[in-house]
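Grab a pencil and work through these exercises with the model open beside you. Try each task before you read its solution.

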Amino acid sequence: MKNTIIFAVRHGETEWNLSEKQQGHFDSPLTENGIKQAQLLAAGLADKAIDIMFSSDLGRALQTAKIIAEKLGLEIRTDSRLRERHLGIMQGLAKAEFAEKFPEEAAKFNTGDPDYVFPEGESARQRFNRSIACVEDLATHNAGKRILIVGHGGTLTSIFYKITGSPLTELRHFSLYNAAINSFSISVDGQWRLESWGETAHLKNMRTLDDN
C-alpha cells in the first residue's frame, strides 16, 4: 500500500494575529489579507490531488477551509482534536497583558515547561497528544490517500515535533506562517517523514505572519 501523504496548513491571517492577542479556543475573523491568503492557498493546493480534507472546528480554520473547499470541490470534515492549544486565562490577551495581569502564571509559562497547564486551559503536551492521536487516526482510516489538514500553529508544532522526534522542551526553530503549505508522509508501518515545510511561493510575496 502507498504511503499516506498529508498536507497541513495554518489558517489565514486573523484580526488577533495582527494585534498579537492569544486566540487559543477563542476566535477572531480572517483579515482581508487572510482571506486573500486562503484563496491563494487554495490555488497552491490545486495540483496536489487531495482526496479528503479535515479541519479544526474553530472559526478561523473553518473560514479558511471553506475557501479551499469551494475552490477544490472538497467536503469539509471537522475534528475538535485539531484545535489550537486551550490557553485558558491567557486567551484574549497579548502576552504582555498576560504577564501584567497574571505575573506568576506568565513566569511558569515562560519556562517552556511542556507540562505547564494554563488555569482553565491545557498544557503543550496535552495539545501534542490529542493532535498526534488525531492525525494518526486520520491516516489509519484514510491509508494511502492524500489528506489536507487545516489547523493552527499548535497543530503544526505538534506535527513537526512528532516528525523530527524532538523533545517538547526544545525551542521552536521552524516557521509557522499563515497559509504556508507543509507536507509529510506516514508509511504503512507508521513511520513519519517530512516532505517539505513552510512553502509560501503560492502567496506571491504577500505578508504572512509567523505564529507568536
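## Exercise 1: a helix and its cover

Keep in mind that the model is predicted. Gly153, Gly154, Thr155, Leu156, Thr157, Ser158, Ile159, Phe160, Tyr161 and Ile163 are the buried residues of H7.

**Task.** Work out how enclosed helix H7 is, what covers the buried residues of H7 and whether the length of H7 agrees with its residue count.

**Solution.**
- Step 1: start with the count. Of the 12 residues in H7, 10 are buried, so the rest of the structure largely encloses this helix.
- Step 2: look for the cover. S1, H6, S4, S5 and S6 are among the parts that cover the buried residues of H7.
- Step 3: check the length. With 1.5 Å a residue, 12 residues should span 16 Å, and the end C-alpha atoms of H7 do lie 16 Å apart, which agrees.
- Step 4: step past the end. Gly165, just after H7, has a positive phi of about 70 degrees.

## Exercise 2: the sheet

**Task.** Write down the strand order of the open sheet and explain why S3 and S6 each have one side without a neighbour.

**Solution.**
- Step 1: read off the order. The 6 strands run S3-S2-S4-S1-S5-S6, with mixed pairing.
- Step 2: go to the edges. S3 (76–78) and S6 (192–199) have a single partner strand each, so one side of each has no neighbour in the sheet.
- Step 3: add the twist. On average, neighbouring strands are turned by 25 degrees against each other, direction ignored.
- Step 4: zoom in on one pairing. S5 (residues 181–186) and S6 pair in the antiparallel sense over 5 bridges, and Phe184 has Leu194 in S6 as its bridge partner.
- Step 5: lay a helix over it. H6 (residues 124–141) lies across S1, S2, S4, S5 and S6, at about 155 degrees to S4.

## Exercise 3: aromatic pairs

**Task.** Describe the pair Phe160 and Phe174, and say which parts it ties together.

**Solution.**
- Step 1: get the total. The whole structure has 10 aromatic pairs.
- Step 2: classify the pair. Planes under 30 degrees apart count as stacked; Phe160 and Phe174 are at 20 degrees, with 4.0 Å centre to centre, and form a stacked pair.
- Step 3: place the rings. Phe160 sits in H7 and Phe174 in the loop between H7 and S5, so the pair ties together parts 14 residues apart in sequence.
- Step 4: check burial. Phe160 is buried at 9% relative accessible area, and Phe174 is buried at 7%.
- Step 5: try another pair. Phe184 and Trp192 are stacked too, 5.3 Å centre to centre with 10 degrees between the planes. Phe184 is buried at 0% and Trp192 at 12%.

Methods: Residues numbered from 1 in each chain as written. Predicted model: local features only at pLDDT ≥ 70, side-chain atom pairs only at ≥ 80, totals over all residues. Heavy atoms only, no water. Pairing = 2+ DSSP bridges. Helix = DSSP H or I, 4+ residues; strand = E, 2+ residues; numbered from the N terminus. Axes fitted to C-alpha atoms, helices over the stretch in contact; angles between N-to-C directions. Contact = heavy atoms within 4.5 Å. Phe/Tyr/Trp six-rings, centres within 6.5 Å; stacked < 30°, edge-to-face > 60°. Buried < 20%, exposed > 50% of the residue type's maximum accessible area, 1.4 Å probe, protein only. Expected span 1.5 Å × (residues − 1).
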